[in-house]
Amino acid sequence: MDSDGEENKPGAACVVIGIGNPLRGDDGVGVRAVESLRGCLPDGVDLVEGMIYSPDLLPYLEGREKAVFIDAIDAGEEPGAVFRFSPREVRQERGSPSLSLHDFGLYELIASAELLEQCPEEITVIAVQVKSLEAGTELSPEVEKALPHVRRLVLEEVEKAGGGEAFMEINLRGIVQGVGFRPFVYRIARERGLAGWVVNTPEGARIRVAGGKEALDSFLSALREEAPPAALIEEVGIEEVPPFQAVSFQIMESSGEGEKVTLVSPDLATCADCLRELFDPSDRRYRYPFINCTNCGPRFTIIADIPYDRPFTTMAPFRMCADCEREYRNPSDRRFHAQPNACPDCGPRLWLEDATGAAVDGDPVCEAARLLREGMIVAVKGLGGFQLACDATSDEAVSRLRGRKRRYAKPLAVMVKDLEEAQRHCLVSEEEAELLSSPRSPIVLLEGREGSPISREVNRGLRRLGVYLPYTPLHHLLLREAGIPLVMTSGNLSEEPIAKGNEEARERLAGIADYFLLHDRDILVRYDDSVSMVLKGREYPVRRARGYAPYPVTLARESRTEVLALGAELKNTFCFLRGRHAFVGQHIGDLDDRETLRHYQEAMEAVRRLFSLRPEVVAHDLHPDYITTQLAGEFGLSLEGVQHHHAHVVSCMADNGLEGKVIGVSWDGTGYGPDGTVWGGEFLVCDEEGYERVAHLQAYPMPGGDVCVKDIFRMAFGVLWGVCGDEKEAMELYARIFPARAGLAGALAAQAESGFNAPMTSSAGRMFDAAAALAGLRDEAFYEGQAACELEAAAAAEARPYRWELDAVSFPWKIDTRPLFSALLEDVARGVGIGEIAGRFHAALAEALVAVCMRLGRETGVGRVVLSGGVFQNALLTAAVTRGLEAEGMACHLHRRVPCNDGGISLGQAVVAACRRG
């Protein structure tokens, strides 16, 4: 019967037939679907319902160009799964699922119609996987939920009646492994009734898919627009392929053949779904500290090789239990192929021990939290290595940690249990809240609130506090159980690499930690926490590691040469460049000891191996004494030396996708100058291949050379030497400002006079040091940049700039800061407050920078300015400069993906080397 209950009279080109018995549960899906289509179909389509496969259907097929059958199916899939296929393509395939639940099936019907020459040219079946066929029942909820999908597929079929199927292959590159991408493809393909498969490959992911044009167009749109949050599709290649047989859409086993060019996801913070399960007493993973799914958890730190499959991870020793295996094998489960998938019955375990190695009884998390509240220091095994935790509200606990760790002044990071607690301790903007809560979960530098109970020992002398949220299940458990903010800092002695193994931690952290919270999942790659801030409403990275590396920076121009760039001596990162991908390694640190150098080489080899990188050129700094420069020749490859400040500028260009000429302002602490001086306050007109030094800050002697970085009273003497009229005046003024160090005046004067171990420097960083020392803020620093950070923290936001002069007679131009320092000394003598002095100093340097860039722009015709170098971590200075340049109509570019400090140098080196090699 047709939809109006009358005998069908064939004539329309297309017929839609609902098959099944509505009195047998899910067997009635075809009838229900036809009922829902009444009034929805275009002219020229007949609708037939309430039938079973039998010879009685033959009259409904006579004279048709197309027939669409809607039926139930039992293919062993999840209830409610929808299939769309052409029975002619699968009828001869061995092992095909039953295409009918009845004695006289679809194949018999087609054979009969062909014999009588009544068979339509095109037949499509839309089938729904049943759950229950119990007599007298309604459709199951799963099948009922599939009805809108069925209706949509029927409408697509009748709209393209006679149009046939298309077959295509889709190859994707980007972050498409370990982020739930294959289950996502499986879902959107099945929703559209497509057939085919998806597979992981060393290059990324490959999809073979067959279906109608409209369904395929919809599939491609969803592929681009609805991908999982942690996925990032960089390249999509689509081509038509010859027809292939497929009944439904499947997920295939990964392929290990081919070149390894897929991108590995960074480790991701615990997702909201896992967090709900973690604290749900009815869930089987309640309080399990290693809960994860395809949307979160460890990635880079546990991967030994790709494709990203469990045998190639540190989860290989943990055999999944039956429940975890079912989740892992079920494409509709969010833990489908989640490689670290585990539960308390089959996964990693946690325990607590004291400093002697004796186990502590009781729940490890509860006991560790109790010890932290009591003032103990606990070493916690995290994602990329160990962290040292203590009560962040206790002056005594924080001071004890500082002393044991030998981190006497650098600020410490604080972990709080959630965003609301962060807002109680700090001022948090909307952009900062979003960054804190992101899957990357970096440490974010925030303005502290007055009255916060967090100890001032945490961030001595600074206004900003490094805060982050829990990013592993263990962190969430520990923070909730402790009920207090925790210092959570790198598990190492100051300046050493982070400890990653249990035995290594027991040995290296002995004497620092009172207790150890350990687990038995190995860490393959050391991976420190990332640090960021928000500047001008956007993320501004300070340290790039967990959550970011090893995801590459994508460049505007493709390189024909593979490059390895070794980076700088301090805040080191390395970079591999292949094609348009620059794989900037995770933060390594200062290469000043054997352990850090071993970490550097270990991390470099891990990235090279994972991505099958084969560099042809090694790029390095020009400084002959850098360890990286000395290492460069050991690779046996062609070498390319790159000037430090040119690399800084090009790194910012690459970060912003810029090509061609720019005005580059590179202000930092120190960098090797080809003229034999120490550069660091540079204005360059440059492109990716070369540069011209067009201006710089006034140069002063550095008595003692690099010792000035810590003994900043020495740099202050160098400035006095340049400002004062003669040696006697400089020595007397120095003795008056630094009476405790007056006895060194003669030796410092002798160095400045002779130039022995007293190179001239134009470094902006050293100018900040000198200003802080002369203003009485401090005369020595425990870490590079400490004085500059404290000077920024002390500065008044609005202040009248000190006077400066531009010497544009000689070339390169010179910003003469001697008038600036003379005025600063006058303010010090008059007892002007440190806030005003610091504010005027910042305002003067910002004004000078803007003025020089404006003049250079007029004379060169270059209207783009890029700012790079560690000095631009100073938010007060950087904000003032960008405001000034933008007010004058110049485009100003800041770093966004790699740090402005030496952590970004390797990217610039790699791009310069690649461009020079063509």
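Helices (H or I, at least four residues) and strands (E, at least two) are DSSP runs, numbered from the N terminus. The model is predicted.

**Cavities**

β12 (378-381) and α14 (473-482) each supply at least two residues to the lining of the largest cavity. Helix α14 gives the most, with three residues. The count comes to six cavities of 30 Å³ or more. The largest has a volume of about 160 Å³. Its lining has 19 residues, and P289, L383, T472, P473 and R521 are the closest to its centre.

The second largest cavity has a volume of about 80 Å³. It is lined by 14 residues, with G178, G180, R182, N200 and H337 nearest its centre. Here α6 gives the most to the lining, with three residues.

**An open pocket**

The second largest pocket holds about 740 Å³ of space. Among its 26 lining residues, Y186, R187, E191, P331 and S332 are the closest to its centre. Helices α5 (141-159) and α6 (181-191) each supply at least two lining residues. α6 gives the most to this pocket, with six residues. Helix α6 also gives the most to the lining of the second largest cavity.

The linings divide by class as follows.

| Site | Nonpolar residues | Polar residues | Charged residues |
|---|---|---|---|
| Second largest pocket | ten | six | ten |
| Largest cavity | ten | seven | two |
| Second largest cavity | six | seven | one |

**A four-stranded sheet**

Four strands form an open sheet in the order β23-β22-β24-β25, with mixed pairing. β23 (575-584) and β25 (638-642) stand at the edges with a single partner strand each, so one side of each has no neighbour in the sheet. On average, neighbouring strands are turned by 60 degrees against each other, direction ignored.

β24 (residues 617-621) pairs with β25 in the parallel sense over five bridges. One bridge pairs V618 with L639 in β25. Two helices pack on this sheet. α18 (residues 644-655) touches β22 (553-565), β24 and β25, and its direction makes about 90 degrees with that of β25. α27 (residues 905-916) touches β22, β23, β24 and β25; its direction makes about 85 degrees with that of β22.

**A hairpin**

Strands β20 (residues 531-535) and β21 (residues 538-543) run antiparallel, joined by five bridges. L535 has R538 in β21 as its bridge partner. The two strands form a hairpin with two residues between them. In the turn, K536 has a positive phi of about 55 degrees.

Methods
Residues numbered from 1 in each chain as written. Predicted model: local features only at pLDDT ≥ 70, side-chain atom pairs only at ≥ 80, totals over all residues. Heavy atoms only, no water. 1 Å grid on protein atoms, 1.4 Å probe; cavity = no way out; pocket = protein on both sides within 12 Å on 5 of 7 lines; lining within 4 Å. Points joined across faces, edges and corners; volume = space filled by probe spheres on them. Nonpolar A, V, L, I, M, F, W, Y, C, P; charged D, E, K, R; others polar. Pairing = 2+ DSSP bridges. Axes fitted to C-alpha atoms, helices over the stretch in contact; angles between N-to-C directions. Contact = heavy atoms within 4.5 Å.
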